[in-house]
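Reader: Please examine closely one part of this model, the place where a helix of one chain passes a helix of the other. I should then like to see that part set in the context of the wider contact.

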Amino acid sequence: MIDHVNGVAFGVFIFLFLLVTVLGFAAARWRRATSLDSLDEWGLGGRGFGTFIAWFLIGGDIYTAYTFIAVPATLYAGSAVGFFAVPYTIVVYPLIFLFLPRLWSVSHRHGYVTPADFVQGRYDSRGLALVIALTGILATMPYIALQLVGMQVVLEVMGIGTDSSNWFIKDLPLFLAFIVLAAYTYSSGLRAPALIAFVKDTLIYIVILVAVFYIPSQIGGWDHIFSTVTQGFADFNTENADAIAAGDAAPKAIMPPEPLQWAYASLALGSALALFMYPHSVTGVLSTRSRSVIRRNAALLPAYSFLLGLLALLGFVAIAAGVKVDNPQQSVPQLFEEQFSPWFAGVAFAAIVIGALVPAAIMSIAAANLWTRNVYKAFINRDATPKQEATQSKLTSLLVKFGALVFVLALSKDFAINLQLLGGVWILQTLPAIVIGLYTRWMHRWALFAGWAVGMAYGTWLAYGVKSPVQDHFGGPLVNFPGTETKVYIALIAVIANLIVAVALTFVFRAMKVNEGVDQTRPQDFHADAGDPGVEEELSPEAPAHA
Amino acid sequence: MSDAPVRSGSSSSSRWALIYLLLTPAVILPLWVALYDREDPKLAGFPFYFWFQFALILIAVALTLPAYFLAQGADRRDRVRHGLPPVPDGTGTDRKAGDER
């Protein structure tokens, strides 16, 4: 670890951080809202973002700082399946192309702000909507915490932070960054991350493109990098053959061996299905102006997947460049520190830290919207005015961020990572209620509820039982598929159980004629577009369309 | 793909069939790991496994573009089938006036 701070790198970093802070507060005035006192304005940025803004916003939302730290870290550490992030972000776009325009239409017709709003309207069940909302909040919290972990890693490599053993003093810089973030999210809502995303993504693109062209040319080219890494992993496996055979160490590889091919594919598919169930991606999608904005972005957003793939390979570049760190997550920041001139290292560090602020803001807004719409409005104050809703959401967004901060600073980082792993498993259990609901009302609400409960319990239990060389529980995302020796992503197994229960019980409840509630939606609602009644071009805050 | 059992616009479903046909490889190929889980042939120093997955991103985009234009037309037909004007003009049936449900 470096015990001094480079003045130039630090200066550039502070300059860029101050720039986005100003942008974050100025965003309140962006796109002429007369008032931010409704969830449509504060929580969805006026529902008027076009293709260009949505590309930055959703891109900044999905490809988070933690992704940018963690994905190359897994390759650096020699995980054979680490590169699954690339097929995952290919598979997700056809799914977004097909499913999300329908969710967009029905949400605009009925003024739904959250996925749980849709479930409430479709299935007429506050209970089902509540568990969908709570699952979303539960899965989002550790995700926000991990953005902080990403920031912490960069600050550590930069050498910012004191040596004090007191956790509060030690992490003061992180604390300050987060207070600033909380303040402008509170005042500007979704407009803040939307505007900051421009800066963040421009910086990230420049840094990554320079990194993947410049650094390999300095250390002997890609051919040399791949052969160095292959040789290094082979040496590791030979030296640790006994430990690997005993299960005390994991073998390293650059690509999956045959037995792990299903693991690789199931991680990609499960993560893709889970991604657009996350409240923050739904928030990003609902903030767009029209259906075609979503579809156009399904063709444009893969540019980020390309970037992510290149970035992942920086894990290998770090190995070939001789970067030695105990915590693999520091490999890429450390690579930047060693290979770039100080001012550009400052740009790179700022890019990652700002890259954490954007998704952290969107996630806290999404979680706050879930609380406000599906707990506060549904159970506590059923006659809440749009203004009360906005106030409630603003306060909750502060609380959510503060919770995530305490999480990372006071509890262990591993705990946040374990919970993030579980978050993926949990959020996928909301898929049957949301996605199937977009096409048919055949499923019974209580069957969906039971399926959700089974999927949550089964998935958590499976994850609890996974041992790794360093952990007794929650050691990884893979278990043997029941009845086979093939490793598969837990979330996918749990959602299959979820679906089996939901379908079987739907037959039972229908045979028993259990009340299925009143569907608020009509078939044509799933095809509505901007300009139809109830779907204004830009919603005016005085007349929100909440049904 | 349809909400209602009534299918008046068959050309909408044939368009959707074509869209599914276009998008299916973008989902199946990345998940068919055995297809690309190998070192050779290399390209500019990259093992096949890596450069093929980068190529898949481009293939997926190339398939999504025609699907986008097909979906524009399919959406218009779906709207008509559900009693909405083909392009939003503010006159579509309002929330209270129902179709068959």
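Author: In this predicted model, α15(A) passes α2(B) in a right-handed crossing. The two axes come within 8 Å and cross at roughly 165°. An angle over 145 degrees counts as roughly antiparallel, and α15(A) and α2(B) are therefore roughly antiparallel to each other. The partner in chain B, helix α2, covers residues 48–81, while α15 of chain A covers 291–300.

The residues that meet at this crossing can be named on both sides. From α15(A) come Arg291(A), Ser292(A), Arg295(A), Arg296(A), Ala298(A) and Ala299(A). Facing them in α2(B) are Val61(B), Thr64(B), Leu65(B), Tyr68(B), Ala71(B), Gln72(B) and Asp75(B). By class, this contact between α15(A) and α2(B) has six nonpolar, three polar and four charged residues.

The crossing can now be placed within the contact between the chains. Chain A gives 42 residues to that contact, and chain B gives 42 residues as well. On the side of chain A that touches chain B, the elements giving two or more residues are α5 (85–110), α11 (221–239), α13 (261–275), α15 (291–300) and α16 (302–320). The largest share of that side comes from α5(A), with eight residues. Sorted by class, the residues of chain A on that side divide into 24 nonpolar, nine polar and nine charged.

Two other helices of chain A may be considered beside α15(A). The first is α18, residues 342–380, in which Ala350(A) is found. Ala350(A) has 25 C-beta neighbours inside 10 Å and therefore counts as buried, the threshold being 20 or more. Leaving aside residues up to four places away in sequence, Ala350(A) touches Val12(A), Phe13(A), Leu16(A), Phe17(A) and Leu203(A). Leu155(A) lies 195 residues from Ala350(A) along the chain, and the C-alpha atoms of the pair are separated by 9.8 Å.

The second is α23(A), with 22 residues, 490–511. At 1.5 Å a residue this helix should span 32 Å, and its end C-alpha atoms are 32 Å apart, so the expected and modelled spans agree. Buried residues in α23(A) include the run Ile490(A), Ala491(A), Leu492(A), Ile493(A), Ala494(A) and Val495(A). Further along, Asn498(A), Val501(A), Ala502(A), Leu505(A) and Thr506(A) are also buried. An α-helix has 3.6 residues a turn, so residues three or four places apart point the same way. Just after α23(A), Lys513(A) takes a positive phi of about 55°.

Technical notes. Residues are numbered from 1 along each chain as its sequence is written. Chains are lettered from A and ligands numbered from 1 in the order in which they are written. This is a predicted model: local features need pLDDT of at least 70, side-chain atom pairs count only at pLDDT 80 or more; totals for chains, interfaces and linings use all residues. Two residues are in contact if their C-beta atoms, placed from the backbone, lie within 7 Å. Helices (H or I, at least four residues) and strands (E, at least two) are DSSP runs, numbered from the N terminus. Ala, Val, Leu, Ile, Met, Phe, Trp, Tyr, Cys and Pro count as nonpolar, Asp, Glu, Lys and Arg as charged, and the others, Gly among them, as polar. The expected span of a helix is 1.5 Å times one less than its number of residues. A residue is buried if 20 or more other C-beta atoms lie within 10 Å of its own, exposed if 12 or fewer, and partly exposed in between; C-beta atoms are placed from the backbone. Axes are lines fitted to C-alpha atoms, for helices over the stretch in contact, and angles run from 0 to 180 degrees between N-to-C directions. Angles under 35 degrees count as roughly parallel, over 145 as roughly antiparallel, 65 to 115 as roughly perpendicular and the rest as oblique. A crossing is left-handed if the near helix is turned anticlockwise from the far one by less than a right angle, and right-handed if clockwise.
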